[in-house]
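Biologist: Before we discuss the model, I would like each term to be set against its definition.

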Amino acid sequence: MNISNTLSNTATSFSKPDGREGFSLGLRAAALGLLVLFVGRLYANVLTPIESVANWVIPRIPMAWFETGLDVLGGYAKPLLYGGFAGALLLVGALGGSAYLTASRRRPASRRAIGALTLLPAAALIVAWLLVADGGVFGLSALAWLVYALGVVGPVLVREGFSTTEVQSRSRRRFLERGLTTGATLLAVGGLGAVLIKLVERMSVTSVDVRTAGMPAPFTPVDEFYQVSKNLVNPQVDAASWRLTLSGMVERPYALTLPQLRALPPVNQDETLTCISNPVGGGLIGNAHWKGVSLSSLLERAGVQAGAVDVKLTCADGYTESFPIAKAMEPEVVLAYEMNGAPLTDSHGAPARLLVPNIYGMKNTKWLEKIEIVGTDYQGYWQRQGWSDTAIIQLISQVRVPGKADKIQAGSAVKVGGIAFAGSRGVAKVEWSADAGTTWREARLGEEVALNSWRFWEADWTPERSGPAVLTARVTDGKGAVQIAEESPTLPNGSTGFHLVPVNVT
Ligand SMILES: Nc1nc2c(c(=O)[nH]1)N[C@H]1C(S)=C(S)[C@@H](COP(=O)(O)O)O[C@H]1N2
Ligand SMILES: [Mo]
């Protein structure tokens, strides 16, 4: 045994236990790897593994599970899933680093073999990911994942290299190394925080039970407008390179740039949008002023051929939808590029999204890129999962006031009011009830904002007795159809039933 070996053994015995050292090395390396994944997601549009997996899994699980998950987690499901994924990868990195360092120190001869073994699960994950990842991002996704895997094992390998070098320069190396790892750690933590915030900003995280109390503004401010999308992280479409193509069963296929779209004769339209997933009384509803171009004018320019059945829509996030060609020819179907007087925001579908009156939000496609005329009844993303294809908006009424905090006293008048919506059928009448629908009285209707918009209603109520009461409302549309009491869930046709609001009269 020579002197250098003795010194080396002494140095090792003074260093942190291998497991803990490996843990912290692996953790930092994983943070760096994760940073690479997130930066790639933000700036090169490379899906992270969690999104590839979610894209594959979600359409394959029963919708009831999906809905239950949303019910339990509310609007936080997406950030939680994403954060959980980041946490899991950090943990895998840390545990991997720890296991690797411990094992390789114990049997230095098999260091390389163990290194290779550590890479095996990563390789298996890459293969699994490749199998589920969608289309064109295959290569890039795999590359990012590989960087992550190497990021975990690589620094541990390098660290191992350090520990076997000559003893003389050891303390200087340690000093340098410590500086480098501290710097890298700070960079990784800061960078990770910053990109995570940016990614979370690109998630649609509206909870179904927000902002249903109190009368809403007639036009919903953009930042309060509900957001729904199938994506964990929404696309950010580059307006300069964006093209809308019109193709399929048309005489003259063509493409439009955003300036070309904006140069066409504009249509201004007030319209209420609501999600088919909105429960009775839920907040996934909003009204806005939209500006864009009528879809029929775009289709007429292309010349729709005989035998056309559906308009098929494809978006930047891979979302697909469709509706019948007859619907597409209605002048009020609008390809919008402005919302409440400002360019569409990313979360609401910039640079252009469809507005389809009388039909649930689902078919109001955001980030639209491709319009195809097809000769079949095309089934889009949600239809393949069992949601309605016609997706006609159900009759909707909500009681928004009085709220939970308002005092209601026997013998004194209180304002009762809310919203009513009937798609493009129009609101003809709203009735309200203080006994859960046993007896009805007619409410006063607010001004009609627009045929395709919601309508406010109100009434004065002077309760006679104290005790519990249940407020509710029902709407009659312009064709004489009356909202039904029968309760049905959101899947597949949108929720029905009365919005029952229990109150206590004192
Ligand atoms: N490209 C794309 N468009 C989409 C969706 C989507 O996931 N991807 N979600 C739809 C659903 S389910 C609804 S309710 C509306 C919501 O529009 P908003 O977020 O502007 O309120 O967008 C629709 N358009
Ligand atoms: Mo929706």
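Modeller: A polar contact is a pair of N or O atoms within 3.5 Å; within protein, one must be able to donate a hydrogen and the other to accept it, and residues adjacent in sequence count only if both atoms are side-chain atoms. This is a predicted model, in which local features need pLDDT of at least 70 and side-chain atom pairs count only at pLDDT 80 or more, while totals for chains, interfaces and linings use all residues. Residues are numbered from 1 along each chain as written, chains are lettered from A and ligands numbered from 1 in the order written, and side-chain values use heavy atoms, without hydrogens and water.

Biologist: What makes the approach of ligand 1 to lysine 230 a polar contact?

Modeller: An oxygen atom of ligand 1 lies 2.8 Å from a polar backbone atom of lysine 230, and the limit is 3.5 Å, so the pair counts. Another ligand oxygen distance, to an N or O atom in the side chain of lysine 366, is 2.5 Å. Of the 540 Å² that ligand 1 exposes when taken alone, the protein buries 99% (accessible areas by the Shrake-Rupley method with a 1.4 Å probe; for residues, only the protein chains shown count as cover).

Biologist: Why are β5 and β6 called paired?

Modeller: Two strands pair if DSSP finds at least two bridges between them (strands being DSSP runs of E, at least two residues, numbered from the N terminus). Strand β5, residues 310–315, has five bridges to β6 in the antiparallel sense, so the criterion is met. Within this pairing, leucine 313 stands opposite glutamate 321 of β6.

Notes
Helix = DSSP H or I, 4+ residues; strand = E, 2+ residues; numbered from the N terminus.
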